[in-house]
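Here is a short briefing on one protein chain. Have the sequence and the model open as you read.

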Amino acid sequence: MKPVALAFLWHLHQPLYRLRGERVCFVPWVRLHAIRSYYDMIRVLAEFPGIRPTFNLTATLVEQIRAYEAGASDLFREAARIPADDLSEPQRAFLCEHFFSAQAEHMIGGLPRYAEIHARRESARAGRGDAEAWKELSTADYQDLQVLFDLSWFGFKAREDFPELRALIERGRDFSRRDLETVHAVEDEILRRVLPLYRAAAAEGRIEITTSPYAHPILPLLIDTDSAREAMPQAPLPPRFRVPGDARRQVEDALALLERELGVRPRGLWPSEGAVSREAVELLGSCGIEWTASDEQVLAASETNLPADPGRPWTLSGATGGPVLVFRDHDLSDRIGFSYARVDPARAADDFLAAVLERERQAGDGGRLILVALDGENPWEHYPQAGGPFLRALYGLLAGHPALPCETVSQAIARCPERGAIGRLRSGSWIHADFGTWIGGPEKNRAWSLLGEVRSGLSSALEDARAPEEARRAAWSSLRAAEGSDWFWWLDGQFTNDYRTQFDETFRAHLKQACEALGREAPDSLDRPIASPAPRESAEASGENGVLPAPRIDGFEGDSFEWRGARRIEWGSLASRGAMQVARRPLESLRYGFTRDGTFCLRIDPDPRAGARAFAGLGLDLTFRAGETARRLRLDLDESGDPKEIILDDPKGGPQPAPRGVPVRAAARKILEMAVPCEAVGLGPGTTAGLRIRLKTTAGEAQLEEIVVRVPPFEREPGTPAA
């Protein structure tokens with residue numbers, strides 16, 4: 001039996017927050033991820049010389065780490081440097097709002113004094129409102145907060161390597177200005193060490209370094225935004241945008257920077273978000289890329305000469321000299337990215353190994369490539385001790401297995417000589433094998449329109465040899481940054497982010513700088529925010545961008561995309577004026593949507609202050625009104641958050657237990673999730689209905705404001721099983 005070729009690809013990326021020429025940018029995420037995951041991920045490998053992963057470092061990340069090395073800063077660090085006694089009221093408000101940007105359970109909860117100040121802040125927000133909460137924190141609180149915020153971000157290897165950090169963590173409170181200087185000095189030292197550590201490991205053959213297009217753009221959409229139609233034929237798209245020359249420059253610029261800064265020209269390339277199309281893959285081949293990767297869902301939607309098995313490398317028919325394609329194991333990648341954080345590290349490692357060995361058994365004598373590719377930074381915020389116990393358990397178990405080599409992607413491909421051929425490659429990404437996360441919604445489309453307007457206006461000047469070369473380079477660097485995917489990801493509130501406004505402003509500022517560099521006046525449209533300042537109207541249909549949610553009803557957010565496309569409403573927009581005081585809110589937000597097969601889905605996120613038993617004994621009463629017809633669904637949960645009783649009114653209004661043929665599903669753990677077929681509650685395709693929700697909690701009952709929902713057309717007849 002040939003051994004499994006197991007390869008990890010850890011993707012490390014941050015968008016270009018820093019505007020050209022800017023010393024102090026707004027957000028600190030490059031610095032904070034550097035002292036956590038970027039340092040941890042390379043340092044821990046010294047304990048496991050037999051583990052040889054692949055690290056995908058983006059050019060914008062490398063560029064910004066170098067900027068910190070050269071003395072750049074961010075607004076968070078500058079605010080921390082102001083002595084607490086000298087903080088103005090706006091500066092105190094800034095710290096109160098932003099210096100809790102850390103995962104609550106493990107990062108804030110792991111530092112008792114930090115948790116204490118956080119609890120005081122939350123109590124003040126409930127009692128006085130967000131705008132006045134800062135007044136409840138003392139000068140001593142702010143002085144400790146300036147240190148604790150950064151301390152919470154240090155990863156497990158930083159805490160082990162720097163005894164001065166351990167001393168501060170053990171003391172835990174009453175920090176001085178010298179203590180803050182110590183924290184910043186350690187950060188600066190880590191920022192100086194990070195890139196040389198990766199460079200040295202690559203030179204020694206202990207890791208493989210790959211990259212993505214420079215500013216992390218969605219390459220197929222740069223080549224042609226209409227490529228989104230293949231997977232999203234009904235989605236509204238912006239005016240067609242086609243800049244294949246920019247796509248090539250993004251790739252070539254990234255390869256050149258990685259070679260210059262890390263001493264190696266990458267052989268492989270992880271296309272941003274695993275986004276591929278035939279044209280994108282052919283472009284990569286022409287740039288000398290030997291292999292590229294995407295998700296197995298893209299492979300499954302493509303036309304192949306052999307069964308669509310991600311366990312073998314693939315070639316693209318007709319792409320002479322093109323790169324080999326490999327496809328990540330979606331399940332195993334998501335287990336690490338989204339599931340194992342809640343599991344004991346040893347059990348999680350055992351589960352992973354068992355799954356790998358089962359894949360090996362199924363492969364038989366043919367061998368198998370298993371690519372586990374995922375974000376190498378964000379998951380560790382949700383793991384205890386920054387993921388250290390899990391990574392050590394996982395790497396230790398794999399290193400001790402005699403017949404399971406853990407190699408770079410290039411080495412794993414070399415172990416698998418058998419190739420499949422792809423005749424038609426489906427255009428898509430690792431998220432649902434489409435591009436709906438970056439295009440198709442109103443705000444996303446407006447951003448593409450702005451990008452197209454500026455790019456078109458600068459086209460002739462960028463190619464004009466009479467224009468100063470320095471000006472053209474500056475304009476291109478700003479335009480290149482604006483083509484990155486991250487701005488489009490966050491613009492429309494599809495995912496929760498406290499810094500959505502800053503992403504909007506930074507995107508438009510990059511475009512303005514592109515115009516200014518060439519002496520062109522920026523369009524007035526760049527002065528207007530893209531992101532809607534308030535929640536969308538309730539009547540907006542879920543899935544307007546053509547992608548409807550498909551959540552697993554288990555009471556957990558299995559990944560960030562289960563509820564993509566769903567309508568989110570905050571408590572402040574739901575609370576009936578006379579029902580409950582906002583301070584006693586029973587929930588933080590509500591989401592709803594419709595799946596492609598005609599199922600209504602509801603999600604409730606509890607108030608974070610409610611604790612572990614937020615849903616114990618909850619009663620949920622939903623009334624759907626469509627025209628003259630009303631249907632009522634009542635759901636009572638037991639103490640564990642499981643359905644105790646489900647009552648569904650029949651069309652004549654008489655209550656009856658939900659019949660066995662109507663699969664009403666519900667689970668309440670960290671969140672409450674519920675699903676019911678639309679036809680069971682009187683919701684037909686294309687109809688508009690009112691939804692009234694009454695919550696029964698231990699604190700009393702709350703009647704929420706009516707929500708007006710518009711039901712989209714379904715891809716299948718309601719009641720037809722999903723594929």
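T623 stands opposite R632 in strand 18. Strand 18 covers residues 629-637, and 8 bridges join it to strand 17 (residues 619-626). This is a predicted model, in which local features need pLDDT of at least 70 and side-chain atom pairs count only at pLDDT 80 or more, while totals for chains, interfaces and linings use all residues. Residues are numbered from 1 along each chain as its sequence is written, and side-chain values use heavy atoms, with hydrogens and water left out.

**Hairpins around strand 18**
- Strands 17 and 18 run antiparallel. Strands here are DSSP runs (E, at least two residues), and helices are runs of H or I, at least four residues, all numbered from the N terminus.
- Two strands count as paired if DSSP finds at least two bridges between them.
- The hairpin of strands 17 and 18 has 2 residues between them, and G627 in the turn has a positive phi of about 65°.
- Strand 18 also pairs with strand 19 (residues 643-648), in the antiparallel sense, over 5 bridges.
- R634 has I647 in strand 19 as its bridge partner.
- In this second hairpin, 5 residues lie between the strands, and G641 takes a positive phi near 90°.

**The open sheet**
- An open sheet is formed by 5 strands in the order 14-15-16-21-20, with antiparallel pairing.
- Strand 14 (567-570) and strand 20 (665-668) are the edges, as each pairs on one side only.
- Strand 16 (residues 599-606) and strand 21 (residues 672-677) are joined by 6 bridges.
- L602 has M674 in strand 21 as its bridge partner.

**Helices**
- Helix 12 (residues 244-262) has 19 residues, so at 1.5 Å a residue it should span 27 Å; its end C-alpha atoms are 27 Å apart, which agrees. The expected span is 1.5 Å times one less than the number of residues.
- Buried residues of helix 12 (under 20% relative accessible area, 1.4 Å probe, protein chains only) include A247, V251 and L258.
- G263, just after helix 12, takes a positive phi of about 75°.
- R335 is found in helix 15 (residues 330-339). Beyond four places in sequence, R335 is in contact (heavy atoms within 4.5 Å) with Y340, D351, A355 and Y383.

**Confidence**
- The mean pLDDT (the predictor's confidence in each residue, from 0 to 100) is 89 for the chain, and 90% of residues reach 70 or more.
- Over residues 534-541 the pLDDT is below 50. Residues 577-584 also stay under 50.
- Where pLDDT is low, the predicted coordinates should not be read in detail.

Key. Buried means under 20% relative accessible area, exposed over 50%, partly exposed in between (1.4 Å probe, protein chains only).
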